[in-house]
Amino acid sequence: MRTLFFDIDGTLLVTQNAGSQALAVAMEQEFGVEEFPMASIRFGGRTDRDLVGEILSRAGLEVGEENRGRLRRSYTVLLRESLQQVEGRVLPGVIEILDTLHTLPQISLAVMTGNFPETARYKLQRFRLEGFFEWVVGGDLDEVRCDMARRAGSQLDRRRNSTLVRDAIVIGDTPNDVRCAHSMGAKCLAVCTGSATREELEIAKADEIVEDLREETAFRFLTQQSARTANPSMNS
């Protein structure tokens, strides 16, 4: 069984900045911070836990669990509402490749995203993608995205009851997705549909790069038998 971990934003879909807008409104509603400069925050390839911490810090607020929780809860409610209004879209080739991969008995589909698990599910529901995926690993516990990836790898080992071989591929659109894949002993298919350029993905040493998921190369790479990689836990 091979597990494919898909990123969401920039890989499966785009939401026209619904997340940053909802965070700005949440900061005003919860903490009275008006017109927070979200444009100055780099969102791509990060976890929501990391982003929430930076936003609170820049606003001069205590970066503790209470404030993190307040902002997370408010943001979650606002994002769910705003997703119904934005003109986001599923990216090219996504529906077609998921439709095919979903039918293959040797393939398991999962999501590994920097989004909070609940907001990840809202996005998948909004664009009718949730039914393709067995489980979601989100960015609620780790500030460093590679730590999230290693946690996903450990969860995968427990789910598969195997510590010998981890057969997984990460599909993402940023250099951080590439680093995540390699940190958990997986390969990475990088797509040029997000915030990173092909050159940046090449520098990060993505195992395969495609313009979007319509390319036949993407399907071949995700299903080829030679993609198996050793579990890094066996080499430590």
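Let's start with S20, which is found in helix α1. In this predicted model, S20 is buried, with a relative accessible area of 15%. Leaving out residues up to four places away in sequence, S20 touches M38 and F43.

Hold on to F43 for a moment, as it takes us to the largest pocket. That pocket has a volume of about 650 Å³. Which residues are closest to its centre? Of the 30 that line the pocket, they are D9, N17, F43, G44 and K123. So much for single residues; now the elements. Those that give two or more residues to the lining are β2 (13–14), α1 (18–31) and α2 (48–58). Helix α1, where S20 is found, gives the largest share, with three residues. And for those of you who think in terms of chemistry, the lining divides into eight nonpolar residues, 14 polar and eight charged.

One of those central residues, N17, deserves a second look. N17 is found in the loop between β2 and α1. Is N17 buried or exposed? With a relative accessibility of 54%, N17 counts as exposed. Now the backbone. Most residues other than glycine have a negative phi. N17 has a phi near 65°, a positive value, and it is not a glycine.

R128 gives us another case of this kind. R128 is not a glycine either, and its phi is positive, at about 60°. You can find R128 in the loop between α5 (117–126) and β5 (135–137). R128 also counts as exposed, at 75% relative accessibility.

Next, the cysteines, which I suspect some of you have been waiting for. How many disulfides does the structure hold? The count is zero. Take C146 and C180. The sulfur of C180 is the closest cysteine sulfur to that of C146, but the two are 4.4 Å apart, which is too far for a bond; the cut-off here is 2.5 Å. C188 is in no disulfide either: its nearest cysteine sulfur, again that of C180, is 8.8 Å away. C188 is buried, with a relative accessible area of 0%.

Let me stay with C146 a little longer. Its place is in helix α6 (residues 145–160). C146 is buried too, with a relative accessible area of 18%; under 20% is what buried means here. Who are its partners? Setting aside neighbours within four places in sequence, C146 is in contact with R179, C180 and S183. If you would like to look at the backbone there, the C-alpha atoms of C146 and D177 are separated by 8.4 Å, and these two residues are 31 apart along the chain.

Last stop, helix α4, which covers residues 94–101. Which of its residues are buried? They are V94, I97, L98 and L101. These four cover an arc of only 100° around the axis, and therefore they sit on the same side of α4. What do they pack against? The partners are β1 (2–6), β3 (89–90), β4 (107–112) and α9 (216–223).

To wrap up, here are three places to visit when you open the model. Go to the largest pocket, with D9, N17, F43, G44 and K123 closest to its centre. Then go to C146 and C180, with their sulfurs 4.4 Å apart and no bond between them. And finish at α4, where the buried residues lie on the same side of the helix. Thanks, everyone!

Definitions and conventions. Residues are numbered from 1 along each chain as its sequence is written. This is a predicted model: local features need pLDDT of at least 70, side-chain atom pairs count only at pLDDT 80 or more; totals for chains, interfaces and linings use all residues. Side-chain values use heavy atoms; hydrogens and water are left out. Buried means under 20% relative accessible area, exposed over 50%, partly exposed in between (1.4 Å probe, protein chains only). The arc is that of the directions from the helix axis to the C-beta atoms. Contact means heavy atoms within 4.5 Å. On a 1 Å grid over the protein atoms alone, a cavity is a set of points where a 1.4 Å probe fits but cannot get out, and a pocket is an open set with protein on both sides within 12 Å along at least five of seven lines; lining residues have an atom within 4 Å of a point. Grid points are joined across faces, edges and corners, and a volume is the space filled by probe spheres set on the points. Ala, Val, Leu, Ile, Met, Phe, Trp, Tyr, Cys and Pro count as nonpolar, Asp, Glu, Lys and Arg as charged, and the others, Gly among them, as polar.
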